[in-house]
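Please open the model in your viewer and set it to a cartoon representation, with side chains hidden until they are called for. The tour below proceeds by selection, one stop at a time.

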Amino acid sequence: MFRNQYDSDVTVWSPQGRLYQVEYAMEAVKQGAAVVGIKSNTHVVLTAFKRATDDLAANQKKILAIDSHIGVGFSGLTADAQVLTKFLRTECLNSKYAYDTPHSVTRLVAALGTKMQICTQVYGRRPFGVGFLVAGFDETGSHLIQTCPSSNYYDCKAMAIGARSQSARTYMERKLDEFSDCDRNMLITHGLAALRECLSDGELDTRNCSIAVIGKGENFQIYDGDTVAPFLPLLDKDVAGKAQSEDEIMDIS
């Protein structure tokens, strides 16, 4: 993308009906660290690849808790994500104070979409340069919802956003029929396997990977650092299982 006379403000339309400022914000999401979300009938799993801005700096957190039943993984500008997560947490607190009940996941995302849409229509503002994968569980079941800087949001069975996320989406398209009946550990295994597809080099380890799980009878829980270690062997078992299946196919043929 290159600068042109129609990208000076978010309210300026191009003759082709495009808002370049919104497209630039969506490009920021595509360049961020990868985040993967997968949903089953009982659980939702988020896995995220953490980057460090410098060798001397700690890796940035890419998964944040909103409430006991909702959390988000994000790709894009971290500062924008912090502003929006503060808004989401405030909405959840207001729901508990006013109605003494947890906030509905779908209504919370709708409120987020409204807040993000204002910045695509008002002169002098810019769109939020961040995309979310919202994971939650409420009385209607498990939810995985993708939000975009354009303020659109989509209910998903599985989704990946960020750099090289197309490789993860290709993996999830192949395995899509398996997700609905997966148990907790199997869903985490698929999440890690999909995230691994986004790596250009190296392997997932406790320093560059985060996992979050929410499900029936289970609060939103984030695994970072050493707490990720027990889940990484699940990925090795999955690889071993694939190799064994390929050997069996060769023996049959």
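The stops that follow take in a sheet, the helices and the cysteines of what is a predicted model.

Begin with the open sheet of five strands, whose order is S8-S1-S2-S9-S10 and whose pairing is antiparallel. At its edges you will find strand S8 (158-161) and strand S10 (218-223), each of which pairs on one side only. From one strand to the next, the twist averages 10°.

Next, select residues 43-49 and 209-215, which are strand S2 and strand S9, joined in the antiparallel sense over seven bridges. If you display valine 45 here, its bridge partner in S9 is valine 213.

Keep the sheet visible and add residues 184-196, helix H5, which packs on the sheet and touches S1, S2, S9 and S10, with a direction that makes about 30° with that of S2. Then add residues 165-179, helix H4, which lies across strand S1 (35-39) and S8 and runs at about 170° to S8.

Move now to helix H1, residues 20-31, whose twelve residues should span 16 Å at 1.5 Å a residue; the end C-alpha atoms are 17 Å apart, in agreement with that expectation. Show the side chains of Tyr20, Val22, Glu23, Ala25 and Val29, the buried residues of H1, and you can follow their packing against strand S4 (70-76) and strand S5 (130-138).

The next selection is helix H3, residues 105-118, where 14 residues reach 21 Å from the first C-alpha to the last, close to the 20 Å expected at 1.5 Å a residue. Which residues of H3 are buried? They are Val105, Leu108, Val109, Leu112, Gly113 and Met116, and because they cover an arc of only 140° around the axis, they lie on the same side of H3. An α-helix has 3.6 residues a turn, so residues three or four places apart point the same way. Among the elements against which the buried residues of H3 pack are strand S3 (63-67), helix H2 (78-99), strand S6 (141-147) and strand S7 (153-155).

Finish with the cysteines, bearing in mind that a search of the whole structure finds zero disulfides. For cysteine 92, the nearest cysteine sulfur is that of cysteine 156, 19 Å away, and cysteine 92 is itself buried, with a relative accessible area of 2%. Cysteine 156, in turn, has the sulfur of cysteine 148 as its nearest cysteine sulfur, at 8.8 Å, and at 8% relative accessibility cysteine 156 also counts as buried.

Definitions and conventions: Residues are numbered from 1 along each chain as its sequence is written. This is a predicted model: local features need pLDDT of at least 70, side-chain atom pairs count only at pLDDT 80 or more; totals for chains, interfaces and linings use all residues. Side-chain values use heavy atoms; hydrogens and water are left out. Helices (H or I, at least four residues) and strands (E, at least two) are DSSP runs, numbered from the N terminus. The expected span of a helix is 1.5 Å times one less than its number of residues. Buried means under 20% relative accessible area, exposed over 50%, partly exposed in between (1.4 Å probe, protein chains only). Contact means heavy atoms within 4.5 Å. A disulfide is a pair of cysteine sulfur atoms within 2.5 Å. Two strands pair if DSSP finds at least two bridges between them. Axes are lines fitted to C-alpha atoms, for helices over the stretch in contact, and angles run from 0 to 180 degrees between N-to-C directions. The arc is that of the directions from the helix axis to the C-beta atoms.
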